[in-house]
Amino acid sequence: MKYFHVVILCISLFSCKNNEQQLSNSIMNSKIVVAHRGASGYLPEHTMEAKAMAYAMQPDYIEQDLVLSKDNVPVVIHDIHLDDVTNVAKLFPDRKRKDGRYYVIDFTFEEIQQLKVYERFDPKTGTQFYPKRFPKGKGNFRLHSLQQEIELIQGLNHTTGSTIGIYPEIKDPEFHHKEGKDIAKITLEILSAYGYTTKEDKCVFQCFDAKELERVRKELNSNLFLVQLIEFPEETKQLQHFATYADGIGPWYKQIVDKKIDGQWQFTSLVDDAHELGLKVHTYTLRADQLGDFGSFEEHINTVLKDAKVDGCFTDFPDKVLKVLQ
Ligand code: CA
């Protein structure tokens with residue numbers, strides 16, 4: 001009986017250690033796949049349905065874009081505006097600002113939950129952005145908070161035994177500051193309450209605003225894995241500075257894959273330069289229905305993830321990227 005207990009203890013200690021090892025290894029050593037706004041190639045972005053579907057595809061991380069409501073709830077939504085993914089104009093016609101747009105920050109979370117979410121469209125014309133995606137206006141989708149999404153993912157981690165992480169992005173912190181709100185501080189507090197405080201906790205914190213991300217590390221003293229998103233060529237010259245507070249960068253793939261010469265893709269030095277400074281590279285966004293100059297999605301995935309030697313990518317189609325990687 002005693003021997004039996006010792007064996008069980010050893011097995012559990014071993015598997016516990018193994019899990020820890022896996023956790024820290026996954027972001028450090030293998031290519032990670034981030035479900036961009038959930039399985040957004042298949043269901044309206046940032047809905048719980050898109051997140052549950054993404055979860056079932058077993059990516060490494062599921063992404064949350066965050067904007068604060070009037071009552072300081074971090075809402076999972078890509079833009080500071082509501083009118084390109086919801087029926088806000090129909091439900092609250094008088095609540096637009098002078099520029100004709102409806103702002104998340106002008107609505108309470110209770111009001112926001114009354115809105116129906118549609119596949120992304122142009123608010124001026126009503127035309128769906130990706131024509132082959134989920135039919136606009138069909139179904140019954142809603143917006144939700146960061147807390148609600150964490151509870152979905154942590155709950156599924158509990159029931160399935162997987163350890164899928166979260167990858168939150170605070171949107172436009174400068175706009176929030178102007179509105180008298182500190183989105184970074186509020187988000188970090190919620191993450192901490194749900195157990196995300198260190199680089200081992202399967203939470204990557206991302207932001208385009210370099211000043212704010214540096215503040216997250218140096219002023220708000222976060223120990224999370226931080227990724228500096230970049231989109232402009234001049235930002236690639238600031239890598240050394242980014243390395244003083246961030247663990248990785250998140251560039252657009254066109255900042256990495258240059259052009260095709262004699263059938264061969266040429267690459268910029270960005271990935272090598274970042275790696276020399278110890279920065280991981282997670283590139284955005286791989287879409288099966290937006291191939292650019294690539295002949296197929298498989299070519300796109302292989303060129304960016306394998307040939308360009310990045311450490312991970314954001315994709316609207318996690319199942320397809322995972323299949324090629326396997
Ligand atoms: Ca994002």
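**Calcium site, pocket and backbone oddities**

At 10% relative accessibility, Lys202 falls under the 20% cut-off and so counts as buried. The model is a predicted one, and in it Lys202 sits in the loop between helix 7 and strand 5 (204-207). The backbone there is a bit unusual too: Lys202 has a positive phi of about 55° without being a glycine. As a rule, most residues other than glycine have a negative phi, and most peptide bonds are trans.

Asp262 shows a similar backbone quirk, with a positive phi of about 50° although it is not a glycine. Its setting is the loop between strand 8 and strand 9 (264-267). Here the relative accessibility is 76%, so Asp262 counts as exposed. Gly195, just after helix 7, also takes a positive phi, this time of about 90°. Helix 7 itself covers residues 183-193, and its buried residues are Ile183, Ala184, Ile186, Thr187, Leu188, Ile190 and Leu191.

Then there is the peptide bond from Tyr284 to Thr285, which is cis, with omega near -25°. Thr285 belongs to strand 10, and it turns up again in the largest pocket. That pocket holds about 300 Å³ of space and has a lining of 19 residues; nearest its centre lie His36, Arg37, His78, Thr285 and Arg287. Strand 2 (61-68) and strand 10 (280-286) each contribute at least two residues to the lining. By residue class, the lining breaks down into eight charged, six nonpolar and five polar residues.

Turning to the metal, the calcium ion has three protein donors in the model: Glu63 (OE), Asp65 (OD) and Glu169 (OE), at 2.1 to 2.3 Å from the ion. Along the chain, these donor residues follow the spacing E-x1-D-x103-E. Glu63 and Asp65 are both buried.

Helix 12 (residues 318-325) has Pro318, Val321, Leu322 and Val324 as its buried residues. Viewed down the helix axis, these buried residues fall within an arc of 160°, so they line one face of helix 12. What they pack against is strand 1 (32-35), helix 11 (297-307) and strand 11 (312-315).

Two loop residues deserve a look as well. Ile256 is in the loop between strand 7 (248-251) and strand 8 (257-261). With a relative accessibility of 1%, which is under 20%, Ile256 counts as buried. Leaving out residues up to four places away in sequence, Ile256 touches Pro251, Gln266, Phe267, Thr268, Leu270, Val271, Val281, Thr283, Ala308 and Val310. Phe205, by contrast, is 51 residues from Ile256 in sequence and 22 Å from it in space, C-alpha to C-alpha.

Thr47 is the other one, found in the loop between strand 1 and helix 2 (48-56). Its relative accessibility is 1%, so Thr47 counts as buried. Once neighbours within four places in sequence are set aside, the contacts of Thr47 are Val117, Phe141, Arg142 and His144.

Definitions and conventions. Residues are numbered from 1 along each chain as its sequence is written. This is a predicted model: local features need pLDDT of at least 70, side-chain atom pairs count only at pLDDT 80 or more; totals for chains, interfaces and linings use all residues. Side-chain values use heavy atoms; hydrogens and water are left out. Donors are N, O and S atoms within 2.8 Å of the metal (3.2 Å for Na, K and Ca); water is not among the atoms, so sites may look incomplete. Buried means under 20% relative accessible area, exposed over 50%, partly exposed in between (1.4 Å probe, protein chains only). Helices (H or I, at least four residues) and strands (E, at least two) are DSSP runs, numbered from the N terminus. The arc is that of the directions from the helix axis to the C-beta atoms. Contact means heavy atoms within 4.5 Å. On a 1 Å grid over the protein atoms alone, a cavity is a set of points where a 1.4 Å probe fits but cannot get out, and a pocket is an open set with protein on both sides within 12 Å along at least five of seven lines; lining residues have an atom within 4 Å of a point. Grid points are joined across faces, edges and corners, and a volume is the space filled by probe spheres set on the points. Ala, Val, Leu, Ile, Met, Phe, Trp, Tyr, Cys and Pro count as nonpolar, Asp, Glu, Lys and Arg as charged, and the others, Gly among them, as polar.
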